[in-house]
Structures are given as structure tokens and as C-alpha cells.
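I open this notebook to set down, entry by entry, what I looked up in the model and how I read each value.

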Amino acid sequence: MISQIFILSSKGDHLIYKDFRGEESKDSINVFYEMVTALSGDQPPVVMSHKGLHFIHARQGGLYWVASTKTNPSPFTIIEFLNRLAALTKDYCGSLSEKSVRMNFALIYELLDEMVDFGYIQTTSTDILKNFIQTEAVSSKPFSLFDLSNVGLFGAETQQSKVAPSVAASRPIMSSRGEQYNSKNHGVLMKADIHGEIKIKCFLPSCSEMRIGLNEELSIGKSQLKGYSSAVRVDECRFHQAVKLDEFDTFRILKVCPSQGEQTVMQYQLCDELPCAPPFQLFPSVEKDYVNRVLIFLKLRCDLPPKSTALNVSITVPVPKGSTSMSQELSSPDQTAELQPKNKALLWEIPRFPGGAQLSALFKVDVPGLSSASLLEVGPVSMSFELPKQTCTGLQIRFLRLSPTQTGLSQRWVRYVTHSDSYTIRI
Amino acid sequence: MPYFGSEEMVKELKRALSNPNVQADRLRYKNYITKVIRYMTQGLDVSALFMDMVKASATVDIAQKKLVYLYMCTYASDKPDLALLAINTLRKDCADPNPMVRGLALRNMCNFRMPGMTEYIEQPIVAGLRDKASYVRRVAVLGCAKMHSLQPNTDIDGTIVNELYALLRDPDPVVVVNCLRALEEILKDEGGVVINKPIAHHLLNRMKDLDSWAQSEVLTFLLRYRPRSDDELFDILSLLDSFLQSAHAHVAVATLRLFLQLASAHPAVQADALLCTSAPLLATCGAASRELRFAGLCHVQQVMRSQPGLFGTHYKRFFCGYSEPTYIKFRKMEILVELVNDENVALVLEELRSYCTDVSPELAQAAIAAIGRIAQTYSEKCLDILTGLLALKQDHITSAVIQMFRDLVWFCPQSTAAVCQTVEACVDSPQDSEALLWLLGEHGDQISSAPYVMEGYIDGLKTELSSAVKMELLTASVKMFLCRPAETQDMLGRLLHYCIEEESDVCVRDRALLCYRLLQRGVEETRKVVTGPKSDPSMSVLTGRQEEPISQWASTFNTLGPLSGCDLCPQTAVISAADQPSSSAEKELLPESTDVTLSSPDDTEEEISLSLGPPLSHETFEKMWLDLEILQRQTMGFPRPRTALDTLQAALQLVKIQTLAFTPGATVPWKAYIYTRSTGTLILAELLQGDQHAPGIDESLVVSVKQQPVNQHAIRGFVSILKGVLQTLNVDSS
């Protein structure tokens, strides 16, 4: 059972404080903040204890979401609850930041009041909560109760709250690891791990059943025969408990009655065997130039289909300790590169990287007291990027339908995004 | 700025709230109320506004009501008299036709934490339990628990308890779970809510209707149910089977815990359940939320204590992502070390090697330590990597590598030659002095430049700050003198002179005097004292993990225990917490120990059971030994058994006493360090024979016992068991 819940800003300001059981005084907030800021980087901060009171916290949106308890509960439950609280706050307030929490504190108190009673979790379902929540969300933006402005589907006239699109977005988080040799050969893929999920955001006032059709050739599990066609395959998948799967086996159709807000309908994983080549290939060469200088020549190729583009690509290359300065030759003016001595790394950023293109960059790094062993410190290269309109597994939403079809203003959109989580290339 | 001039602020608010113009304008009025709550959250004392807030509670606007109630609950205990004024409004609301208003009023009225509240809330609660709206019933059920917590020492109201038991059959799932929670609190002194067969089966059948939070809570309650027969057990398990794969990690893990507990007599079922849950557990290890990921990793570690092979094929999942925080990377490296086998060793080492040059020195050192641990099995490959790292000439890396070399030489003597060669090549900029000095002293004969390196240290002695380094230097120099006297004699003289004449630290001076006098007695005498074993491969068994039975950790599974184990000896902390409930089970498991206790001649103690538990590392033992006080020192009255030391070790092992280290047979004084565990405590002991400080009892064995946490009963039991063993051995050998 939870004794208190509080939300702190990263500077330690009290944003929300609710005491459910009256067991502990308000001082525990300060105790917590002192403890969490005193930790060094390698100490796990998730669970901390002080005189029999345990603090469990999650960090979301730069804020501390803390639950304190005197019992010994399941850490999974508490952490997932805190994450859920943060997600609900985001749903209601549009975004998750110190400002939005400050502005909507009355709403968050109301949420907490309905979600937890006497330290026991009552409900976190949006469907139930929406009946009880009376406070309107306050936002600095005109219509950001459900932050959809980035999609651009809304015109000014669609701001009535009745109009709401139903949305499916498939968001695989891709992390893959390639091993590359200094030769010009293709590297060997060492580890690839794709975590994907299909989320729906639905803001229809009364929602009937939604049918989500996936690729018909989708196969699940490793044992199944792949056949000759380029079947879409995932290793494992898990569904939200409200999803009806009676048509999934034959037609790959998910049926769900979505509640308002954001929901994860399906999560899937794929390890090691990617259906397509990893999106980036790197051809590096690292040489010792003359005294005290390292030459790093990177050739980066984007193996996406020509129509797609990678966005916000940033490449981090560790450089030897003590690097002082760097000169660079980049192929286009919109790219930037800088040396970060504190992280002993150089950062190369490419805002837009079209599929099929190849970019190269030459960095000359000055390292006083360079020895040949220092070259060992160069690498592994890590990359982060975003691939819009792209899924690495090839999983697609074939259709997205409401049944019975609703008349009037309902709009829908489907968005595919791939985020890199940890894309590392050894040199 | 609410923190300054707060009194002004409160006055201004008071003026505004009592202003009839403001009261007439609903929006403005509500704005001021919001402001009050905002200041309250920031820690400002706004209790002076209580009267005005009570007035504000009489409104039809539910949002405003909620804010005012929040205020009243916070300050009710400070202003009990004024709070009574609010009760009338609240009781009126409890009879409102709108169930939401009824529930809200009842919940907040129960939240007033002040004495004498019971008489006002009892009647609305009883009415609420029979309300037709499930929302009100939920609130009322928990209200019973709140009422009980207001006056914890009064008698339990039997009618309410019965009513709550009846409400377990309520159609609303949240009411059902709330009943369990309320009963658990009310009946805490009697052992909590009773889960008998009908209730357990009813709950199991309702599982599908519950939401995930309720599911995991019910699963926790079911932990205390014991099925009557195997048939019933398997029925329950098959009913719960699908929950092992739940999309919610907390449900899957709670189910696993229940499986492990219920099927404790069926290892095959346990293994199946672990296999089933390995997928969701692995998924949490890759979850988007770092905290969840961390919790997953900690639990994977726990599972691996019994089933190290379960995640073997998934080792790549534990490779670190570069954006992960350090504490997650640490856990992942610990897991990787455990997962190494013949097939993946090359890849794992390659991965760990790339962490060794990380920006964070702690992470780099931990990666080197991980390679060092793998080196105890795959020494050749690891030595190559470690040697390569030395070439980087970075202080924190070199120092960590040399420490690993020292451990490696100690555990795997076969790698000595290779290590010496490497050390030879790298000693021009030595960093970790203690480990390096130990290596130089111990293996000076194989490192040709050793005396010169040591000379460098002796010359720089005046600037050396750490007394530990100086002591190590003394020992190492004496050892070096024994194998290469010609090169060492001169500098040893200088060293001893400095340490005896100029050193201010008493320990260092004593050590120097000891060395000096030893050398006066002659080289052979010195050799006998100074040279100990150069390595001890058998020790690696102690530091390596053995497979533990699942029952060792099942009781802390899915609790905070595995996550907060960040102190020096996490395992002991976990074990000691775990042992208390399962001590009876342990007694059954360990028939030998009780046998021995009974056969011991002067045994007047009650039975006490010892257990081995996970092995302690040398560092942990040393740290604890230095930290703890001696609780009991006892002269055994007989010398140590004349048997071979192996026999002694084996005999102690038989009664679950673990031997950490002992001096070789003929040395005087003879010492041995042993430890064991018993019902939640860890007992450390030293056996000593021939103490120079007490020459009178030269021939008798002295036992010093330390313990954490203190439990005198366990100590007495331990000493008598130990005595029994030693006496038996003495009889055997004579």
C-alpha cells in the first residue's frame, strides 16, 4: 500500500503532495530529495529507504514521481503505477513538464483522489476516470488537451471536442548493433533487437468497436516456416487484455473497443534476424596522422529505400582522452560537428538523411601525447535517429475501421515511426 | 514568493475569500480556492483559512468541493473543532442523490484524521456498505479500514467484519479487492484476512474480471492459501497459467511468485513456470521505463541464482545500450559475467572490452572487474584484453587491471607466469600500489625489474599518504629480500630505518619493528613467518556461485528486497529477511545439523539450525569482521584436532559451517576463519590457537564470535555445534 505520493521538479520544488494514510509527515519529501541528489551515478536510485519508509520513484518528463510506503510491496506494481500516472497526466494535460503539472495541479489532485484511496490503487482506466474528473485541463496552447498539433490534421474549425480522430501508430523502437571491420566489406550484424508497439490514440466521445487489420502474411514465432515470400515476422507479441483475438489467427485482425486516450494494443519483439538490412552502414577508417593527430574518416550510407528519409541523425564517436581540438570537413552546410571534451567524444549531426545517399566526413583530432594504443579508445560509434514512415519489421496497418461506421466527423490517421534506442557500430 | 511574507499572503486570501463580491462570482471564488491549495502544496501554512474554506464547501460545483475537501483533510487534525463544523455539510452530502457526491463526501469524511471522528462516520459507512452504487460501496469498504486505523486499540466490530466477508461476493471487482484490503488491516492482529477454500476459489474464478492492479493484489493474498490436495493444486495452477504470460509485468511476476510458492514440492512445475515467465521478464529488461528495466534486471538476477542457464541463450539482451544510466549497465554486466559459457565467451568479452574505455571511470573499472571474474575460467583470452588495456596508460584503468591481476594470480596459479611477464612490461607507471606491491613481493623472483620498482616506492615514501600502502611495502620488501637478498638489502635497511625512526603512524611502526625483529631471528625464521601460500585455487570455489534452491529467494521475489540490495553484502541482507518465515522449513532440510547438536555432550540448548547460504567473498568477510564487535570469546579447553585440515574443513561443512581461510597446519599461532548462517543472522568466527598475548593457554583453542544481527540464542547454538564437531574430531584422531 502506498503511504504518500508526491511529484517533485528536478530542482526539488513540491508540485504535488498527497498523503493517503497519515503515517508520515511531509518532511519525507525533503528526505527523499536529499537522498536522491546525494547518490552517485552508479548507485541505483529506484528504491531507497529511510527509517523504515521506502521511496520508489520513476523519472518521467524531467520530474520525480515518487511513492513512499512502509510495507514491502511489489516493485513492478508501484513502478508501473507511477508510469501510468505520468501517462494519464500527459493524456490530460497534453504534455509532461514542470509547467504543465504546475498549471494543472488541481486536476492531478483530482486524478489521484480517484485513482488511489487509503493507499490502495482503485482504478487507472481512462473510461472510468473520465466520469469523475471535473476539472478542465489548463494549457498554454489553444487545443492541446490531446496534443495532436504536430500531426497537422486539425484545422481551426476542428477544435470542438466532439471531433476526434482515432489513430494507430506503430512505434517500433529499434536497436541494433553492427560489427564492422576496417575493410570495405559489409559488416556482420551482431545483435539486433526490435521492440515495437501498436498504440492507439482515440478521442472519440463514444467509441464502438475498432478493427485493426495487420499484414495478412504476418507470422509469429521462430518455429514457423518462412516460405519464399518476404513474410513479415515477429518473435513474440503480447496484447492488451481488452483486445479480442478471434479473427487474429486467420485474418490478422485485432478487435478492440478503445477507451479515450492513449493505449498500447500490441507489443512485439524481434531479435537477431532482421527482414531488411540495418538502416545505416558505416565505413570508418582511423589513422594516426603525424605526431599527435588522429585522422577519422567516416563514410556513412543510408540503406533505406530512396523515398524515405532519416531525421535527426546524430553520430557519436569516442575519441582518445585528452583530445584538445578538432578540424572537420563535412559534405554539406546543414551538418554540424563538434568535439565534446567532457564526454571525450565527437558529435556529428545530420538533420536530414535521404535513403540511398552516402555522406562522408573527415575529422582531424589533435591529441597531445598520442600513443598508438590511444587508437583503441576510438569507437564504438553510436548513432541515434528517427525513421518516419518506416517500420523495421515491415509490420503494416492494412486498415483501421470503426464498426458500425460512424457518421459525421471522425478522422483517422496512421503513423509509423522507428526510433533508435541504441544503435552501435564497432570500429 | 510564497515563502516570504506568508502571513500577508494568508491575510490577503482571507480578505478575498470573505469578500461577498468574490463569493458572488463563482469563477473568481474558485480561483482563490485554487490559490490556497497551491500554497498548501508548496508547504505554506494556510490553516488559518479553515473557516472560510468550510463555507466554500457548501457548493454544487463538484470540482470546487474536491479542492475544499483536500484542504480540510490536510488540516483537520490541526483544527479538530473547526473541522466538526464541516461534518454537517459532509453528512448531508452523504445522502445526496448523486452517487458521485455521496462517495466523495464519505471518502473525505473518513480521511479526517482526528480523534472522535468515529461516532460521526460509523453510520454513513454502514449505510454506504449497502449503497446501490458500487462507487459508494468501494469507498465505504475502505472507510471501515480507515475507521479502524483511527482507533487501533479498540475491539473489532464483529458485524462489520462479517459484512465485509459477505461483500467479497459483490458483483463489483474493486469492491471485492477493497474488502480483502480492509479485512487485512482490521484483522491485522489476528493474522489478517482468512483465505479459506471457498474464498480462494471464488477469488480465482473472479480473476478474469479484475483489472491488472487488482489481479496482482489478489495473487499476493492467495500466497497464504495452501491447497489441500495435489489435484486442487494443479487445478489452481492451470487456472492461473495464462497469467504467467500477462502483458503487465507486475501480474506476470506476481503469478510466478505464487507458482513458486504453491509448487514448492514440485520442482518440475517451478522450472516450467520460470521458463514461461522468462519471456515477460526479459521484456521488462528492455522496457522503455528505466525503473521498470532495473526492476526486471534485479529479478532476473534472482532467478539466475537457481537457474543460471535459463537466460544463457539470451545473453545479447544484456548488452548495454549506450544511452542507459550507469546503474543499469552495472546490473547488466553482473548478469553477463554469470551467463558466460564456451560458446558466447568471445562475444561477451568483446562487448565488455568496449566498455572498458567508457567515459565514466566507475563503469570502466566495473567492466575490467567483470573481465577479471571471467578470467578465472577463461584466463588466456581475458589476459590478452587486460594486457591490451594497460597500453592505454590511464590511471583508473591500470589500477583496476593490476587489482585483477592480483586476484587472478591468487585464484589461478597457472596464469602466474603470464601475469608476471605483463607486469614486468608495464610497471613504469604503476598506479594501484597495494595490489602491485603484493604481486612484486609474492612473485619477485619472476619479475626481473621488481627490486627497482620497489626502490622507487621506498624513495618516494615521504610523500606516500596511505598507511596501508606502507604496510604492504614493508611486507613486500621483506619477501623480496628473502628471494633476492643482494639487490634488496640496502633499500630494506633504508625502509626499516625510516619507518621505525620517522614514521608517525603506530601501525606502520609496529609492522616495521616486527619485520626488524623477525630478521634479527634469522632468515629461516623470517621465511617461516612471512611466506604464506602464493595462491589458493580452492578459494575460487568460495567466490563462485553455486546453484541455490528456489526456496532461498522465492519469499523475497517481487518485493523491494532485490532492488534495494545496494549495500556491501546484498545477499546477506536478503537472506536474513528471507530466513525468518522459512526457518522451520530449513530445519527440515537440515537433519544433519540437529543430529550433531543432539550428540554434543554438554548440550542443554534448544535446537538451532545452521545453513550455508550464498558464499561470502573475502572482502565482505573482512569488512564485516572489522566492523563488528566480538560478542563472545570462549576457550574451548582442548587443542585443535590433529587431523588434516581438509578433514576439518569437510567436517565443518557437514554441519553447515563454511571455512573461509586458515593458516597451514604447522604454523603458530594457528588461525581459521569460519562463518555460517542461522535463522536470519550471519555468524562469523575466528579459531585461534597459540595466541602470543595469552601464553598460559597455549595449547587450547580460542573461539571469537561476531554476529550480525545479534542473536544470543544462535551464538550459543553455534558454539555448542562447533564444540561438538571439534571434540568428535579430537576423539577420532586420538
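Before turning to a helix, I note that the expected span of a helix is 1.5 Å times one less than its number of residues. The model is a predicted one, and I keep that in mind throughout.

**Entry: a helix of chain B**

I applied that rule to helix α9 of chain B, residues 134-150, whose 17 residues should span 24 Å at 1.5 Å a residue. I found its end C-alpha atoms 24 Å apart, so the value agrees with the expected span. I then looked at how covered α9(B) is, and 14 of its 17 residues turn out to be buried, which leaves the helix mostly covered.

**Entry: the two chains**

I looked up the make-up of each chain in turn. Chain A has six helices and 27 strands, whereas chain B has 37 helices and six strands. Of the 427 residues in chain A, 55% are buried, and for the 734 residues in chain B the buried share is 55%. Counting contacts with a separation of 6 or more, I read that residues 24 or more positions apart account for 70% of them in chain A and for 65% of them in chain B.

For chain A I also took down the domain assignment, which gives domain 1 as 4-130, domain 2 as 193-274 + 397-411, and domain 3 as 280-388. The C-alpha centres of domain 1 and domain 3 of chain A lie 40 Å apart.

**Entry: where the chains meet**

How many residues of chain B are in contact with chain A? I find 85 residues of chain B in contact with 85 residues of chain A. The size of an interface is often given as the accessible area lost when the parts come together. On that basis chain B and chain A bury about 7000 Å² between them, with 57% of it on carbon and sulfur atoms. In chain B, the residues that lose the most area to chain A are Trp213(B), Tyr322(B) and Leu560(B), which together make up 11% of what that side buries.

**Entry: Ser382(A)**

One of those residues, Tyr322(B), came up again when I listed the contacts of Ser382(A), which, leaving aside neighbours within four places in sequence, also include Ser314(A), Ile315(A), Thr316(A), Tyr423(A) and Thr424(A). Ser382(A) lies in strand β24 of chain A, residues 381-388. Its relative accessibility is 6%, and the limit for buried is under 20%, so I count Ser382(A) as buried. As a check on distance, I compared Ser382(A) with Arg102(A): the two are 280 residues apart in sequence and 36 Å apart in space, C-alpha to C-alpha.

**Entry: two charged side chains**

Is Glu110(A) buried or exposed? At 3% relative accessibility Glu110(A) counts as buried, and I place it in helix α4 of chain A, residues 105-115. The side chain of Glu110(A) is joined to that of Lys66(B) by a polar contact of 2.8 Å. Not counting residues up to four places away in sequence, Glu110(A) touches Phe132(A), Ile133(A), Gln134(A) and Thr135(A) as well as Lys66(B).

I next looked up Lys199(A), which lies in strand β10 of chain A, residues 188-202. Lys199(A) counts as buried at 15% relative accessibility, and its side chain makes a polar contact of 3.5 Å with the side chain of Glu197(A).

**Entry: positive phi angles**

I noted two residues here, neither of them a glycine. Asn312(A), with a phi near 50 degrees, is found in strand β19 of chain A, residues 309-318. Lys344(A), with a phi of about 35 degrees, sits in the loop between β21 (336-340) and β22 (345-354) of chain A. Although it is in a loop, Lys344(A) counts as buried, at 11% relative accessibility.

**Entry: cysteines**

How many disulfides does the structure hold over all chains? I find zero. Cys515(B), accordingly, is in no disulfide, and the nearest cysteine sulfur, that of Cys499(B), is 8.7 Å away. A disulfide would need the two sulfur atoms within 2.5 Å, so this pair does not qualify. Cys515(B) is buried, with a relative accessible area of 7%, and I recorded Cys302(A) as buried too, with a relative accessible area of 1%.

Terms used:
Residues are numbered from 1 along each chain as its sequence is written. Chains are lettered from A and ligands numbered from 1 in the order in which they are written. This is a predicted model: local features need pLDDT of at least 70, side-chain atom pairs count only at pLDDT 80 or more; totals for chains, interfaces and linings use all residues. Side-chain values use heavy atoms; hydrogens and water are left out. Helices (H or I, at least four residues) and strands (E, at least two) are DSSP runs, numbered from the N terminus. Buried means under 20% relative accessible area, exposed over 50%, partly exposed in between (1.4 Å probe, protein chains only). A polar contact is a pair of N or O atoms within 3.5 Å; within protein, one must be able to donate a hydrogen and the other to accept it, and residues adjacent in sequence count only if both atoms are side-chain atoms. Domain bounds come from an automatic or database domain assignment. Contact means heavy atoms within 4.5 Å. Buried area is the accessible area (1.4 Å probe) that two parts lose on being put together, summed over both.
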